[in-house]
Amino acid sequence: MSRLSDPLPDAAPAGRLAVVGIGPGAAEWLAPAVREELALAQDIVGYTTYVEMAGPFRAEQRVLDSDNRCEMDRARLAFELAAQGRRVAVVSSGDPGIFAMAAAVMEALEQSHDPNWHAVELVILPGISAAQLAAARVGAPLGHDFCVLSLSNNLKPWAQIARRLEHAAQADLVIALYNPRSVARPQQFAQALDLLRIHRAPTTPVVLGRDVGRPDELVRVTTLGEVVPEQVDMRTVVIIGSSQTRLFPRLTGGNWVYTPRWYP
């Protein structure tokens, strides 16, 4: 029988797991809280490209990078390390809660019955998403109600994507599209445009933001009638205006785009 004066058995200290969003990629878009978390982490876990964007790291920090399609493996690895008492940072580009690692981390935790995993201090630190920065480059196209959809059917059927896109178009929401077109999915963005053109005028403003916040950034303003699938790829975020989204010329060239906060 133990007594209050008896020493407690040694237990592994609970670690810390931070899922961080590094923003679009440039260092100036990294939130101070995220920068501090990365500096204090013992282990850095993430997709290789994003880990490289988040660095450089000190020699004593361990980098555990992997392929882009290993989200659940990365999440479980991060919990295993944090359950050992280590301080772990899981890296996402943009915001970790938007088509990124935060959801995988939460899913891994829900599926686990390991009390050591649930004892881990878990925090999610947001970042600037590609849609936010692309919108800021041209004005305020997300100034009224909007939705965010991914056109990738790797994790959900295309029929579900098309159904959601149809409803968003009918609801007259501004729509931000992630993962619009890839080598393996060359036709889906064209199908999305066909659907949107049923509900939106050809003059509807469209913003194409490729590699926003990175050295090769290219942001273009076009219209729904003029945009073609070949202008976008997986590194492009597409913002489709609503019926109220406006476009007007800049003094320095190009156009401003915004969606008024009022509605007629």
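This briefing describes the sheets, helices and pockets of one structure. The model is a predicted one. It contains an open sheet of 5 strands with parallel pairing, and an open sheet of 3 strands whose pairing is mixed. The largest pocket encloses about 1500 Å³ of space, and the second largest pocket has a volume of about 200 Å³.

**The sheet of 5 strands**

- The strands of this open sheet follow the order β3-β2-β4-β1-β5, and they pair in parallel.
- At the edges stand β3 (62–66) and β5 (121–125), each of which pairs on one side only.
- On average, and with direction ignored, neighbouring strands of this sheet are turned by 15° against each other.
- Strand β1, residues 16–21, pairs with β4 in the parallel sense over 6 bridges.
- Opposite Arg 16 stands Arg 87, a residue of β4.
- The strands β2 and β3 also run parallel and are joined by 5 bridges.
- Gly 46 has Asp 65 in β3 as its bridge partner.

**Helices and the sheet of 5 strands**

- Helix α1 lies across β1, β2 (43–47), β4 and β5.
- The direction of α1 is at about 135° to that of β1.
- Helix α3 lies across β1, β2, β3, β4 and β5, and runs at about 175° to β2.
- A right-handed β-α-β unit is made by β2, α2 and β3.

**The sheet of 3 strands**

- The order in this open sheet is β6-β13-β12, with mixed pairing.
- Its edge strands are β6 (139–140) and β12 (246–249), and each of them pairs on one side only.
- Between β6 and strand β13, residues 255–258, the pairing is in the parallel sense and extends over 2 bridges.
- Within this pairing, Gly 139 stands opposite Val 257 in β13.

**The largest pocket**

- The space in the largest pocket amounts to about 1500 Å³.
- A total of 45 residues line this pocket, and the closest to its centre are Tyr 50, Asn 68, Glu 71, Phe 99 and Asn 179.
- At least two lining residues come from each of the helices α2 (48–54), α3 (71–83) and α4 (101–111).
- The strands β4 (87–92), β9 (205–210) and β11 (236–240) likewise supply at least two residues each.
- The element that gives the most to the lining of the largest pocket is α4, with 4 residues.
- By residue class, the lining of the largest pocket consists of 18 nonpolar, 15 polar and 12 charged residues.

**The second largest pocket**

- The volume of the second largest pocket is about 200 Å³.
- Its lining is formed by 15 residues, and those that lie nearest its centre are Leu 30, Arg 35, Leu 38, Ala 54 and Gly 55.
- Two or more of the lining residues are given by each of α1 (32–40) and α2.
- Helix α1 gives the most to this lining, with 3 residues.
- The lining of the second largest pocket divides into 10 nonpolar, 3 polar and 2 charged residues.

**Elements that link these topics**

- Helix α2 belongs to the right-handed β-α-β unit with β2 and β3, supplies at least two residues to the lining of the largest pocket, and gives two or more to that of the second largest pocket.
- Helix α1 lies across strands that include β1 and β5, and gives 3 residues to the lining of the second largest pocket.
- Helix α3 lies across β1, β2, β3, β4 and β5, and supplies at least two residues to the lining of the largest pocket.
- Strand β4 pairs with β1 over 6 bridges, and supplies at least two residues to the lining of the largest pocket.

How values were computed
Residues are numbered from 1 along each chain as its sequence is written. This is a predicted model: local features need pLDDT of at least 70, side-chain atom pairs count only at pLDDT 80 or more; totals for chains, interfaces and linings use all residues. Side-chain values use heavy atoms; hydrogens and water are left out. On a 1 Å grid over the protein atoms alone, a cavity is a set of points where a 1.4 Å probe fits but cannot get out, and a pocket is an open set with protein on both sides within 12 Å along at least five of seven lines; lining residues have an atom within 4 Å of a point. Grid points are joined across faces, edges and corners, and a volume is the space filled by probe spheres set on the points. Ala, Val, Leu, Ile, Met, Phe, Trp, Tyr, Cys and Pro count as nonpolar, Asp, Glu, Lys and Arg as charged, and the others, Gly among them, as polar. Two strands pair if DSSP finds at least two bridges between them. Axes are lines fitted to C-alpha atoms, for helices over the stretch in contact, and angles run from 0 to 180 degrees between N-to-C directions. Contact means heavy atoms within 4.5 Å. A crossover is right-handed if, with the strands pointing away from the viewer, the path from the first strand over the helix to the second runs clockwise.
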